[in-house]
2 protein chains.
Amino acid sequence: DKPPPSQTPASGGLQLESPTIAERDNLSKRESGVTPSSPMRLRMEAFIKENQQEIVRALEAVDGKRFQQDKWDRPNGGGGITCVLQDGNVFEKAGVNISVVYGALPRAAISKMRANHKALDPDVESLEFFAAGLSLVLHPNNPMAPTVHFNYRYFETANTDGSTNAWWFGGGSDLTPSYLFDEDVIHFHRTIKDACDAHDKDYYARFKKWCDEYFSVKHRGETRGVGGIFFDDLDETEKDQESLFAFVQSALGAFLPSYLPIIQKRKDMPYTDREKQWQQLRRGRYVEFNLVHDRGTAFGLNTPGARIESILMSLPLTARWQYQHEPDKGSREERLVNVLKKPVDWV
Amino acid sequence: DKPPPSQTPASGGLQLESPTIAERDNLSKRESGVTPSSPMRLRMEAFIKENQQEIVRALEAVDGKRFQQDKWDRPNGGGGITCVLQDGNVFEKAGVNISVVYGALPRAAISKMRANHKALDPDVESLEFFAAGLSLVLHPNNPMAPTVHFNYRYFETANTDGSTNAWWFGGGSDLTPSYLFDEDVIHFHRTIKDACDAHDKDYYARFKKWCDEYFSVKHRGETRGVGGIFFDDLDETEKDQESLFAFVQSALGAFLPSYLPIIQKRKDMPYTDREKQWQQLRRGRYVEFNLVHDRGTAFGLNTPGARIESILMSLPLTARWQYQHEPDKGSREERLVNVLKKPVDWV
């Protein structure tokens, strides 16, 4: 089908540029919606959108207060929805954020990523990419109730003809208590392990170790919390795309069952001012990890045009830094720190 | 003079190694104390030690509470004194810290520093270095009273025979109010400018600009505060060592006169809970700058064996992150943010 003559002069004698993946995806969504045969980009986007709303509803039922929902667009395609509940009955701050980004990776970023993805072409000046993810951080009021975090994401780069160049999944979920209730930590890990085991008997052990290594507040010689799982760069060298997507769906699906029983048990426990202050100090360490060491946060803060408020929704409402605070010998606070210095196998 | 026979076998036929600069400095201090003809290392160390104690005494007089003083040693020579006052009558947290470090710079660090110091030899595997500095951060309780910071430091590298290879001074002082009182900011800048002008009529303008550029919370598009001065890498290409030391002495000497009148005026002003909360939000931004952007903090956190509690004494006792907080139109809070988005010439 020749283009009508009126269009030919507009292309100035050059070939018409092939559409970007953002344009393709928009067209595909408009024409046929999202089905199991849609590209993974659209399926992942639909999956995280559904799950964001389901999780927001479940957390509103726990807290009794509603989330503020902000929908935002990125100028070159994509955007996101940031849901935040602040000063709630149960949560001091709760953030559930999805973002969908269509953009171009500069050459330096490509070289870095090639370490893990040999399919990336090192000789191009820039590569079109797609990234979609769902992140959650919950900071409860009660110091007996742990902070929790998860992030699940899908990344893809495109060839100049719009076909997929490289793709991978990443993610994980981890728990950060101020006071240790072994039964909570065991429940959290066991729920995640069951989700992993359904897909690969090695996943839990591998990704638990990866989590302890990643969430390390190196300058303190402590982990951020009591772990969970973390994985990145899972691509075709690991398993086929369908299997990995199924795994990510199960892992994300395990979040509510892993955390809701814990928050229900702890949200109304009595606590002292001293215990609240210890929680504030632990939140200071959370801030240190996120601002000094977290690669995701650093990537976000360095992305031109990024929505800073969505990236930093992970920070607690309040935090504290007290010079040379040392927990008392034999105290519960000391026991937590000992576990953070030497990660434990919980299941 | 031949060494006595009993020593010759111990050196195993090799030449006796020349003493490190730490060893030389220790010997020199023991033999003749510190005089105007001592090496700059020892003079700077003596200067910052005296000033630390003078400033601590002056701040104790303002606050009414005593500083906790911790003396610490580094295994390979050097050490420091960290003075912290916490939960005071005037200061929520006040830290005054000196550190003296003798160490070895690895090759990567040398290449980086060569950008500013051509005297550094790019072909050696490591270089002995000396660094001494005095840092101060004061976070007052009252939101009408500004946070203030200064740091003055001297850096030197040694040739293998112990002679000086490269040396430079760095430093600066800057003010971070939560509420803007123009007269305070003008007084602060004018006092510093007078100290600069006595040495070089160009210093204030150059170093004021450098300060605005350095203390930029890039991801927020704001400066950390209302500035002051900042300079680094001042070496023999700038002025001779004596002149630069004299300038650093004047700049540091300007600190108490630049800040004491401000804290006296603001420490007992009435304020509301809302104003206290705004201060807490501004402290969150202070934490963001220090943990994400400050080169000194990053250098410290990455130094093996560094005393983390001394490095992070700069963080406020309490801070707050509130999702999408926007100051009201026409409010004092908005005026501050406008000034942080577009630095002002105060004198």
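**Close-up views of a predicted two-chain model**

**View 1. The hairpin of E1(A) and E2(A).** E1(A) and E2(A) form a hairpin with four residues between them, and A:Gly77, in the turn, has a positive phi of about 110 degrees. Strand E1 (residues 68-73) and strand E2 (residues 78-86) of chain A run antiparallel and are joined by six bridges, where A:Trp72 has A:Gly80 as its bridge partner in E2(A). Helices (H or I, at least four residues) and strands (E, at least two) are DSSP runs, numbered from the N terminus, and two strands pair if DSSP finds at least two bridges between them. This is a predicted model, in which local features need pLDDT of at least 70 and side-chain atom pairs count only at pLDDT 80 or more, while totals for chains, interfaces and linings use all residues. Residues are numbered from 1 along each chain as its sequence is written, chains are lettered from A and ligands numbered from 1 in the order in which they are written, and side-chain values use heavy atoms, with hydrogens and water left out.

**View 2. A salt bridge between A:Lys29 and A:Glu45.** The closest N and O atoms of A:Lys29 and A:Glu45 are 3.3 Å apart. A:Lys29 lies in helix H1 (residues 21-32) and A:Glu45 in helix H2 (residues 40-63) of chain A, so the pair ties together parts that are 16 residues apart in sequence. A salt bridge here is a side-chain nitrogen of Lys or Arg within 4 Å of a carboxyl oxygen of Asp or Glu, and the structure holds 61 of them over all chains.

**View 3. The contact between chain B and chain A.** Each chain enters the contact (heavy atoms within 4.5 Å) with 29 residues. The area buried between the chains, which is the accessible area (1.4 Å probe) lost on being put together, summed over both, is about 2,800 Å², and carbon and sulfur atoms give 56% of that area. B:Glu309, B:Trp321 and B:Tyr323 supply 30% of the area that chain B buries against chain A, more than any other three residues.

**View 4. E10(A) and E10(B) at the interface.** Strand E10 (residues 318-320) of chain A pairs with E10(B) in the antiparallel sense over three bridges, and B:Arg320 is the bridge partner of A:Thr318. B:Arg320 also forms a salt bridge with A:Asp87, the closest N and O atoms being 3.9 Å apart, and the rule finds four salt bridges across this interface.

**View 5. The two copies superposed.** Chain B is superposed on chain A by a rotation of 180 degrees with 0.0 Å of shift along its axis (RMSD 0.0 Å), the fit being by least squares on the C-alpha atoms of residues with pLDDT of at least 70 in both. The two copies are thus related as by a two-fold rotation axis. Of the interface residues of chain B, 100% are also interface residues in chain A, so the copies meet through the same surface.

Notes
Buried area = accessible area lost by both parts, 1.4 Å probe.
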